[in-house]
Amino acid sequence: MGYDIGWIIPRLRNPGRLWSCASSITSAVVGLFSKIILEFLNKTTVYNRETLDRAARRPHGVPLLTVSNHHSCFDDPGLWGVLDCGVLLRNSRMRWSLAAHDICFTNALHSCFFALGKCVPVVRGAGVYQPAIDFCVDRLSRGDWVHIFPEGRVNVNKEHIRFKWGVGRLVADCAAPPLIVPVWHEGMDRVLPNQEPYLLKFRKHVFLNVGEPIQIHHLLERLRSSNASEEETRAAITQRIQDELLRLRERTHALIRRAAPAVARDVLPPAAPAPGDKAAHADKATHADKATHADKATHADKATHADKAAHAEKATHADKAAYANGKPRDRQHEHES
């Protein structure tokens with residue numbers, strides 16, 4: 001039986017002065033530590049940084065939801081090391097983050113640390129109606145910042161994973177449509193690899209691309225006007241966010257390949273050939289096949305000519321031999337007769 005996490009969310013709802021003070025210290029220390037790791041001990045390239053800065057400094061009461069891919073256990077808090085110190089040191093501006101209860105909340109010490117760092121224990125497989133999602137909906141409705149990894153787990157193989165519907169519920173049930181900012185990053189799994197001994201690495205290159213806010217208002221209005229069910233609403237919102245994040249992935253990969261081709265070969269999967277490239281490859285293959293067939297035909301013709309020449313030469317030698325042997329015999333017969 002795992003550790004009992006039943007006390008955590010009630011404590012987060014009613015923190016008390018001592019807890020709030022400890023939480024501010026924890027968030028500040030972890031944020032500054034992430035900044036040192038990401039920006040001083042490694043190299044980080046951030047595209048469209050100003051969008052994230054504006055979102056973090058948005059007007060009071062505006063809910064913020066950030067969504068990103070999940071490649072390493074250091075993604076959160078590591079990603080937020082790119083924020084300026086003014087945000088990192090103000091606990092009220094920092095994010096709430098959903099974290100797996102069976103990984104981050106396995107004992108009392110770990111549970112206190114992650115809870116003080118504004119992590120909320122989510123039970124994977126428990127559905128969209130669970131205390132962690134309820135809590136995050138409430139924080140969004142109050143104008144706080146919530147971050148979520150819609151894939152639901154660390155995507156070690158960087159494969160396509162359908163997004164979980166929890167992100168759809170966060171948007172659908174928020175009191176006001178939140179500001180949704182997508183973030184795609186590459187290279188975090190080189191800073192903290194997904195293999196033992198799970199030690200932080202240095203002098204790696206991390207790329208982070210902040211997308212423009214996802215416009216969701218028209219979709220919400222259309223869903224409401226069509227009397228869509230809660231399930232249909234969550235599914236449509238989740239699909240929209242997934243589509244936008246995957247588009248951001250393609251743009252990010254293109255930026256990385258242009259800016260750092262050598263690094264791209266290490267951190268990115270091989271690029272799929274463009275349609276024009278496929279046609280070119282097909283043409284090359286066709287020409288190669290034609291050349292191969294032509295070579296085979298040429299070799300066959302040469303072999304045929306060689307065979308004919310050999311047969312002709314053999315026949316000539318045979319005729320000469322027969323003629324040479326036949327003439328003396330004829331003369332001998334004539335002499336005897």
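Here are some numbered notes on this predicted model, taken one region at a time.

1. Start with strand 7, which spans residues 205-210 and is mostly covered: 6 of its 6 residues are buried. His205, Phe207 and Asn209 point one way, while Val206, Leu208 and Val210 point the other way. Both sets are buried, so don't look for an open side on this strand, because a residue counts as buried when its relative accessible area is under 20%.

2. What sits beside strand 7? Strand 1 (residues 43-47) and strand 7 run parallel and are joined by 5 bridges. If you want a spot to click on, Lys43 stands opposite His205 of strand 7. Strand 6 (residues 179-186) is joined to strand 7 by 4 bridges, and those two run antiparallel. Here the handy marker is Trp184, whose bridge partner in strand 7 is Asn209.

3. Now the aromatics, of which the structure holds 5 pairs. One of them is Trp7 with Trp19, an edge-to-face pair with 6.3 Å centre to centre and 80 degrees between the planes. This pair links distant parts of the chain, 12 residues apart: Trp7 is in the segment before helix 1 (8-13), and Trp19 is in helix 2 (residues 16-40). Are the two partners buried or exposed to the same reading? Trp7 is partly exposed, with a relative accessible area of 30%, whereas Trp19 is buried at 16%.

4. A further pair is Phe105 and Phe114, whose ring centres are 6.0 Å apart. Their planes meet at 50 degrees, so the pair is classed as tilted. Phe105 is buried, with a relative accessible area of 1%, and Phe114 is partly exposed at 24%. Phe113 belongs in this picture too, since ring pairs link Phe105, Phe113 and Phe114 into a cluster.5. Helix 11 (residues 217-225) has two faces worth viewing. Its buried residues are Leu219, Leu220 and Leu223. Why do they end up on the same side of helix 11? They cover an arc of only 100 degrees around the axis, which puts them there together. Helix 12 (230-259) is included in what covers these buried residues. The face turned away from the buried side carries the exposed residues His218, Glu221, Arg222 and Ser225. Just after helix 11, Asn227 takes a positive phi of about 55 degrees.

6. Helix 12 comes up again in the second largest pocket, where about 330 Å³ of space lies. Of the 21 residues that line this pocket, the closest to its centre are Lys158, Arg249, Glu250, His253 and Pro269. Which element gives the most to the lining? That is helix 12, with 6 residues. Strand 6 and helix 12 each supply at least two residues of the lining, and strand 6 is also joined to strand 7 by bridges.

7. Val122 lies in strand 4 (residues 119-122). With a relative accessible area of 15%, Val122 is buried. Leaving aside residues up to four places away in sequence, Val122 touches Leu98, Ala99, Ala100, His101, Gln130 and Ala132. Ala100 makes a nice example: Val122 and Ala100 are 22 residues apart in sequence and 5.2 Å apart in space, C-alpha to C-alpha.

8. Two backbone spots deserve a look, bearing in mind that most peptide bonds are trans. A cis peptide bond joins Asp76 and Pro77, with omega at about 25 degrees, and Pro77 lies in helix 4 (residues 75-78). A cis bond also joins Glu196 and Pro197, with omega at about 15 degrees. Pro197 is in the loop between helix 10 (188-191) and strand 7.

9. That loop also holds Tyr198. Phi of Tyr198 is near 55 degrees, a positive value in a residue other than glycine. Tyr198 counts as partly exposed, at 48% relative accessibility. Asn48 has a positive phi as well, near 65 degrees, and is found in the loop between strand 1 and helix 3 (49-56). Why flag these? Most residues other than glycine have a negative phi.

Terms used:
Residues numbered from 1 in each chain as written. Predicted model: local features only at pLDDT ≥ 70, side-chain atom pairs only at ≥ 80, totals over all residues. Heavy atoms only, no water. Buried < 20%, exposed > 50% of the residue type's maximum accessible area, 1.4 Å probe, protein only. Pairing = 2+ DSSP bridges. Phe/Tyr/Trp six-rings, centres within 6.5 Å; stacked < 30°, edge-to-face > 60°. Arc of directions from axis to C-beta. Contact = heavy atoms within 4.5 Å. 1 Å grid on protein atoms, 1.4 Å probe; cavity = no way out; pocket = protein on both sides within 12 Å on 5 of 7 lines; lining within 4 Å. Points joined across faces, edges and corners; volume = space filled by probe spheres on them.
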